[in-house]
Every structure is written in C-alpha cells, then in structure tokens.
Amino acid sequence: MRTRRVLPAAMVGHGVESYDFVIYGASATIIAKHFFPAGDPTLAILSALAVYGLAFVVRPLGAAIFGSIGDRLGRRTALSTVVLIMAVSTAAIAVLPTYDSAGILAPLLLLVCRLGQGISMGAEYTSAASYVMEQAPPGRRGLWLSAVGSATYVGSALASFALLALRLISESAYEDWSWRLAFLAGGLMALVGLYMRLKLDETRTFRELEAAGETAVRPIRDTFRNWRVFLLLFTLFALLAVVVHNLLGYLPTYLTTTGGVLPGTVLVSGGVALLVCALLCIPAGIMADRVGRKPLLVAGVAVAVVGSLPAYLLASGGTLASTLATQIILVIPAALVTVGATVVAVEIVSARIRATSTALAYNVAYAIFGGTAPILGALLTGWFGRLAPGGYITALALVALVVVVVALPETRGRDRGRAVEKVLR
C-alpha cells in the first residue's frame, strides 16, 4: 500500500466527526427551536445541549465495541465501520421532522441520531491514531499524528464556515430549513471517508501480531489490568475534553447569549481560530518529535492554567477582536494537548490492546468531561457568573499539570510495537 493514502483516509473520517459535532453545537439555538417545545427558550437550549451531552454517554460503549474490533479483527475494519455509522446518523438529522409536526417523536429521533454519532465516535479518533502510528516512520510519529489531530480543527472550521455561508445566503431560510443542508453535507463527506478507508491495507503491526497468534483475546480486561496507565491517559483526555468542548460546544452559545456577540461574528472568529489551531498542531508534532512528548504536554497544560480565566474575561467584549482573542487563547492548549496526549496514548500501551486501551481512556474521559462541558458551562455561568467556565478549566488543568510532571514517562523513541506500561506498574 502506498503510504500517501494513510493520512488522507485517517484525516477525512476524523474531520467529518468534528464537523458534525460543531454543526450541532453551533446550531444549538436553531435545534432548540425546531425539536423542543416552544415556551421557555432557556429550557429549550438546555435540552438541546443535554442531547449534545447524551451522545457522549454511549461513547465508551462504542470504544469497547470498536476498540475490541480493532485489536481482534484489525484497525482497518474498525475505521471503516465507524465512519459508515457516522454517515448514516449525520445525514438522518437532515431529514428529521420538527416538534411542531411530530411532537415528542422529534426530540426522540434526534436523540437516536446523536447516540449513533456517539457510538461511532467511540473509536473514530483513537482508531485513526493507532492506524497512523503503526504506519508512520518512528522518528516522525509526532508529525504524522499531528495531522490527524489537525483534522479535528479543520473539520470544525469547515463547519463554522458552512453555517456562516448558509446564514449569509438567507438568514430566514437558515432559521427555517437550510441548516439541514449542513448535516446532509456531513453525511456525504463521511461516505467519501468510507470509500477512502476501504482502499487501505491493514497495518504491518497488526499483521505481525496476527501471524504470531498474539492478537488480544480479551482487550477490555487487559486494558483495566494496568489501571495506572488508564488513569494517566484519562487525566490527559479529561482536560482535552473540557478545553475542546468548551471551545466547540459551549463557547458559541456563551458568546451570543452572555457575551452579546452577533452569531455571524462568532462563526467568523470561530472558523479563523480553528484554522489557527489546525496549523498549530503541525509545529506541535514537530516539537514532539524533536524535544519530546512530555515538554509539549507541560507547555499545553500550563497555557490552560494561566489562560482560561483571561479568555472568558475577554469573551464579554462583544467585538470581533475580543471574540477572536478569546478563542485563540483556548486553541493554543487545545492544539498542544491534542498532539501530545494522542502521541503518548498510542505509544504508552501495548500494540495488542492499543485500539481498545486508547479508545476507552479517551471516551470515558470525554463522556464525563466533554459531554457535560456545554451544559455545565451554562449552569456554572448562571450560578457563579461569566468567569466560572474559565475557572473550571483552570482547576482541571492544575490537576493535569501535577499528573504530567510527576507521573508521565517520556515515550519518544519507543518502538511502535512495544509499550511503556511496565514503567507505571
């Protein structure tokens, strides 16, 4: 197989995953209007954000299912299956009936589609990362994996610009029906990703494990046998989940409802900030290869500690400049921690259980901290004021900083088939 197929196939699936979640998060007010009872707008928005969060609840289930498939049947099989589920679930949202026409069935169908997205997301990112890591040259794994991480933010930026274009074409049409086109486009892009992934070969690492009869029999059980590794990765991904899903899931709503920023301004600044984040992932990957994974993570977590409160202080400025500054401050730790945590995760565990271990740690953390980030952000803002979400990120970042400094081993230079689990036993 020509390696030039590896990165595009891995990136497109994960890019679509991020696109779909940003489309939903940025459209929360529209979704609230169409799928929940009229009356209290705040309650409708909270309901829409709750459905956003419930998709995360099933992510550990998807991680267990498709992570096990990746470790037992092959990385390629898992990659192809999850992107197919994503395509169907996303496109289905485009044709769902509204609450006015279908009553309680409308939010229930929306929830089913979101749960389908959540299950597929349970192994999308980590399966793609495992696949790329096992194909990448040893000295360039950070750079290759940074490309997968950057797809998160490219897809997110594409979502912001797609919604902006629909608004500019016709604000009234967007409010009424054209928002559906964004979800339809996401489903079609996922089908492109499926086509590209079906053309991939299995990784050499998995083929070697299979030939030696060393593929995992009970990868879930083996994952939790070394609970120290699981907790370490869980901590890294918990911080990443809170930063990313404040940025993608809650901040657009916060800026419009609390900050008084126009929706179009939020979409423009969000798209620009996310493209900056995608670009930052590349030098972060180079740094991971040249300096090490641990220094990269320390830098990213430290920025989250010192920058989160100022970011939310700026968020109430109401201008394009203040809005962009808010998002830029948050995208810096998002980029550095995305790359650092991803590279460490796929290097720190055995190849036998790589897909399952990384998927479970990533998605349990995202279920607890990512799915709750938007609704918890809204509640914290209501209870404690406009800086409360920034304080929440700061507190988690302080915990993560201690863990990284004290407990994280350096994984740079490790062979792709070996693990450093024993360092943490």
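**Note on the predicted model**

1. The accessible surface of the protein comes to about 15200 Å², and carbon and sulfur atoms account for 70% of that area. The model is a predicted one, and the values below are computed from it.

2. Secondary structure and overall size. The protein has 18 helices and 0 strands. Its radius of gyration is 20 Å, close to the 22 Å that the globule rule gives for 425 residues, so the protein is as compact as a globular protein of that length. The C-alpha trace spans about 60 × 40 × 35 Å along the principal axes.

3. Burial and contacts. Of the 425 residues, 59% are buried. Taking contacts between residues at least 6 apart in sequence, 86% join residues at least 24 apart.

4. Charge. There are 33 positive and 21 negative side chains in the protein. The centres of these two sets lie 7 Å apart.

5. Cysteines. A disulfide is a covalent bond between the sulfur atoms of two cysteines. How many disulfides does the count come to? The count is 0. Cysteine 277 illustrates this: the closest cysteine sulfur to its own is in cysteine 281, at 5.0 Å, and a disulfide requires sulfur atoms within 2.5 Å, so the distance is too far for a bond. Cysteine 277 is buried, with a relative accessibility of 0%. Cysteine 113 is also buried, and its relative accessible area is 8%.

6. Helix α2. This helix covers residues 28–35. Is it largely enclosed by the rest of the structure, or largely open? Because 6 of its 8 residues are buried, helix α2 is largely enclosed by the rest of the structure. The buried residues are Ala28, Ile30, Ile31, Ala32, His34 and Phe35.

7. Serine 89. This residue lies in helix α5, which runs over residues 75–93. At 9% relative accessibility, serine 89 is buried. Apart from neighbours within four places in sequence, serine 89 is in contact with Cys113, Gly116 and Gln117. One of these partners, cysteine 113, is the buried cysteine of point 5. Serine 89 and leucine 248 are 159 residues apart in sequence, and their C-alpha atoms are 20 Å apart in space.

8. Serine 127. Helix α7, residues 105–135, holds serine 127. The relative accessible area of serine 127 is 2%, which means that it counts as buried, the limit being under 20%. With neighbours within four places in sequence left aside, its contacts are Ala78 and Leu79.

9. Proline 333. Which helix contains proline 333? Proline 333 sits in helix α15, residues 320–348. With 3% relative accessibility, proline 333 is buried. Not counting residues up to four places away in sequence, proline 333 touches Val243, Gly300, Val303, Ala304 and Thr338. Measuring from C-alpha to C-alpha, proline 333 and alanine 302 are 8.0 Å apart in space, while 31 residues separate them in sequence.

10. Serine 357. Helix α16, residues 354–370, contains serine 357. Is serine 357 buried or exposed? Serine 357 is buried, at 5% relative accessibility. Beyond its neighbours within four places in sequence, serine 357 is in contact with Thr223 and Val349.

Note on methods:
Residues are numbered from 1 along each chain as its sequence is written. This is a predicted model: local features need pLDDT of at least 70, side-chain atom pairs count only at pLDDT 80 or more; totals for chains, interfaces and linings use all residues. Side-chain values use heavy atoms; hydrogens and water are left out. Helices (H or I, at least four residues) and strands (E, at least two) are DSSP runs, numbered from the N terminus. The radius of gyration is taken over C-alpha atoms; the globule rule is 2.2 Å times the number of residues to the power 0.38. Buried means under 20% relative accessible area, exposed over 50%, partly exposed in between (1.4 Å probe, protein chains only). Contact means heavy atoms within 4.5 Å. Accessible areas come from the Shrake-Rupley method with a 1.4 Å probe; for residues, only the protein chains shown count as cover. Lys and Arg count as positive and Asp and Glu as negative; His and the chain ends are not counted. The place of a charge is taken as NZ of Lys, CZ of Arg, CG of Asp or CD of Glu.
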